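Colleague: Could you take a close look at one part of this model for me? I'd like to hear about the packing around a single helix and what lies beyond it.

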Amino acid sequence: MTNMWHERFSVEEYVYGKEPNGFLVEAAQQLPKGKVLCIAEGEGRNSVYLATLGFDVTAWDYAPAGLEKTKQLADEKSVVVKTELHDLAEVAWEEEQWDAIVHIFGHFPGNVMDRTLAGIKKALKPGGCYVSELYTKEQLRYGTGGPRVEEMLCNPIKMLEQFDGYFVKHFHIGEVNRVEGQLHTGTAHVVQSMFQKREEE
């Protein structure tokens with residue numbers, strides 16, 4: 001089976017650019033300093049940015065070429081990011097491992113998304129945060145990035161249901177302007193989330 005993402009990232013250019021996602025830049029100021037996991041991390045722009053702020057960062061991706069570019073970008077910025085090759089359809093999530101989990105524009109089939117969100121909730125430490133910016137189903141009308149398959153786009157109501165009981169630090173649905181390399185450029189329709197796992201009473 002060919003890995004589309006490995007092929008997409010097997011070019012010299014950073015197809016999503018080298019700058020971090022705009023929402024992550026805002027959210028990072030509120031994250032507890034500690035161990036951060038970036039899932040579906042692509043070419044490393046977000047994980048490397050967090051490493052420059054002093055976080056202990058691990059990047060997961062399914063594309064070896066993406067992880068190689070993550071290492072190159074980390075070298076460029078003189079930081080360290082641990083990289084691990086994982087398929088989210090199969091990865092084993094360990095309990096209470098991470099102070100934050102970052103999920104920027106990682107879109108998956110419904111069953112993989114459900115499995116991933118369940119894994120994230122298990123793997124966050126009490127007090128830890130889940131941070132995401134994802135395209136909504138409205139994004140199909142914009143054509144400025146993301147999958148062209150409705151099932152792989154985010155339902156904001158479902159996100160709130162998935163994280164029921166968590167403290168909602170930030171939740172926003174609407175338009176944003178994103179210039180992230182050649183594949184995310186222009187006005188887009190997104191849902192931004194920052195959910196904090198409550199400390200055990």
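Modeller: Sure, and keep in mind that this is a predicted model. Let's start at Leu-50: setting aside neighbours within four places in sequence, Leu-50 is in contact with Leu-24, Ala-28, Val-36, Cys-38, Phe-55, Val-57 and Val-102. Leu-50 also ranks with Leu-31, Val-36, Val-57, Val-81, Val-102 and Val-131 as the residues having the most contacts inside the largest nonpolar core, which has 31 residues. Quite a few elements give two or more residues to this core: helices H2 (22-28), H3 (45-52) and H4 (64-76), plus strands E1 (35-39), E2 (56-61), E4, E5 (124-135) and E7 (184-196). A separate core of 23 residues lies apart from that one, with Trp-60, Val-91, Leu-124 and Tyr-130 among its members.

Back to the helix itself. H3 is mostly covered, with seven of its eight residues buried; these are Arg-45, Asn-46, Ser-47, Val-48, Tyr-49, Leu-50 and Ala-51. Just after H3, Gly-54 takes a positive phi of about 100°.

Now for a polar spot. Asp-99 sits in strand E4 (residues 98-104), and it counts as buried because its relative accessible area is 16%, under the 20% cut-off. Its side chain reaches the backbone nitrogen of Lys-35 at 2.8 Å, while a polar contact of 3.5 Å links the side chains of Asp-99 and Lys-125. Beyond four places in sequence, Asp-99 is in contact with residues including Pro-32, Gly-34, Leu-124, Gly-128 and Cys-129.

Definitions and conventions. Residues are numbered from 1 along each chain as its sequence is written. This is a predicted model: local features need pLDDT of at least 70, side-chain atom pairs count only at pLDDT 80 or more; totals for chains, interfaces and linings use all residues. Side-chain values use heavy atoms; hydrogens and water are left out. Helices (H or I, at least four residues) and strands (E, at least two) are DSSP runs, numbered from the N terminus. Buried means under 20% relative accessible area, exposed over 50%, partly exposed in between (1.4 Å probe, protein chains only). A polar contact is a pair of N or O atoms within 3.5 Å; within protein, one must be able to donate a hydrogen and the other to accept it, and residues adjacent in sequence count only if both atoms are side-chain atoms. Contact means heavy atoms within 4.5 Å. A nonpolar core is a set of buried Ala, Val, Leu, Ile, Met, Phe, Trp, Tyr and Cys residues joined through side-chain atoms within 4.5 Å.
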